[in-house]
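Let's take a walk through this one together, starting with its pocket and then turning to the charged pairs and the surface. Have the model open as you read.

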Amino acid sequence: ILGVVAASKADLARIVQDPAKYPDFMPNFAEQTVKKRPDGKLAMTWELDVPLKNLEGTSLMTIEEDGSVDVVATSGDIARGRWRWEFLPFGPSKTLGVHYAYSDVRESSWVTKKVVEKEPLFEHGIVLASQTVALTAMKARAEGHR
């Protein structure tokens, strides 16, 4: 998904690149701990507060030289997932935030697995909704609303 953010590329990137602070402004993050590895990547252990069952897992964040961010799930309730953030200048004080996401939500719970088996497009709705929540929260934080 894409979103225009009334903040500089550097400001938006700085917020996305600091996952330890996500629980401060993303209501569904019950907890997230972050440890920097010797290779510069960020190892994250997280818990999301979602309907039916909280999700827990681990992910690895890589901050690229251009400021873009790659996150790969490594274990937990979402063991197969990948998220990417890109930040494109969009005028003097605006940025186009681009958020890519894939996650196999069938792994998250028995109920979700059964619903997706019955209606496969439901998985796309869940992933799109999670992207929308993430981009909206990052935008609000960058614009000083959260």
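Start with the largest pocket, which holds about 1,000 Å³ of space. Keep in mind that this is a predicted model. The pocket has 35 lining residues, and the ones nearest its centre are Leu 48, Val 50, Leu 55, Ile 126 and Ser 130. Two or more lining residues come from each of the strands β2 (29-36), β3 (42-48), β4 (55-63), β6 (81-89) and β7 (95-103), and from α3 and α4 (121-142). Of these, α4 is the top contributor, with 8 residues.

What sort of residues make up that lining: nonpolar, polar or charged? The split is 25 nonpolar, 9 polar and 1 charged.

Now for the charges. Side chains of opposite charge can pair when their charged atoms come close. Across the whole structure there are 7 salt bridges, and a few are worth a stop.

Begin in helix α1 (residues 9-16), where Arg 14 and Asp 11 sit 3 residues apart, about one turn of the helix. Their side chains meet in a salt bridge, with an N to O distance of 2.2 Å. Asp 11 is partly exposed, at a relative accessible area of 33%.

A little further along the chain, Asp 18 pairs with Lys 21, and here the closest N and O atoms are 3.4 Å apart. Both partners are partly exposed: Asp 18 has a relative accessible area of 26%, and Lys 21 comes in at 43%.

Next, look at Asp 70 and Arg 84, whose side chains form a salt bridge at 2.8 Å, N to O. Asp 70 belongs to strand β5 (residues 69-76) and Arg 84 to strand β6, so this pair ties together parts that are 14 residues apart in sequence. Is Asp 70 buried or exposed? It's buried, because its relative accessible area is 8%, and the cut-off for buried is under 20%. The pairing doesn't stop there, either: Asp 70, Arg 82, Arg 84 and Glu 86 are linked in a network of salt bridges.

Finally, come back out to the surface. Leu 52, Val 111 and Val 115 make a nonpolar patch of about 270 Å². Val 115 is in helix α3 (residues 110-118), and α3 is also among the elements that give two or more residues to the lining of the largest pocket. Why can Val 115 count towards a surface patch? Patch residues need over 30% relative accessible area, and Val 115 qualifies on that score because its value is 32%, which makes it partly exposed.

Technical notes. Residues numbered from 1 in each chain as written. Predicted model: local features only at pLDDT ≥ 70, side-chain atom pairs only at ≥ 80, totals over all residues. Heavy atoms only, no water. Patch = residues over 30% accessible without salt bridge, like charges linked within 9 Å, V, L, I, M, F, W, Y side chains within 5 Å. Areas by Shrake-Rupley, 256 points an atom, 1.4 Å probe, with all protein chains shown as cover. Salt bridge = Lys/Arg side-chain N within 4 Å of Asp/Glu carboxyl O. Helix = DSSP H or I, 4+ residues; strand = E, 2+ residues; numbered from the N terminus. Buried < 20%, exposed > 50% of the residue type's maximum accessible area, 1.4 Å probe, protein only. 1 Å grid on protein atoms, 1.4 Å probe; cavity = no way out; pocket = protein on both sides within 12 Å on 5 of 7 lines; lining within 4 Å. Points joined across faces, edges and corners; volume = space filled by probe spheres on them. Nonpolar A, V, L, I, M, F, W, Y, C, P; charged D, E, K, R; others polar.
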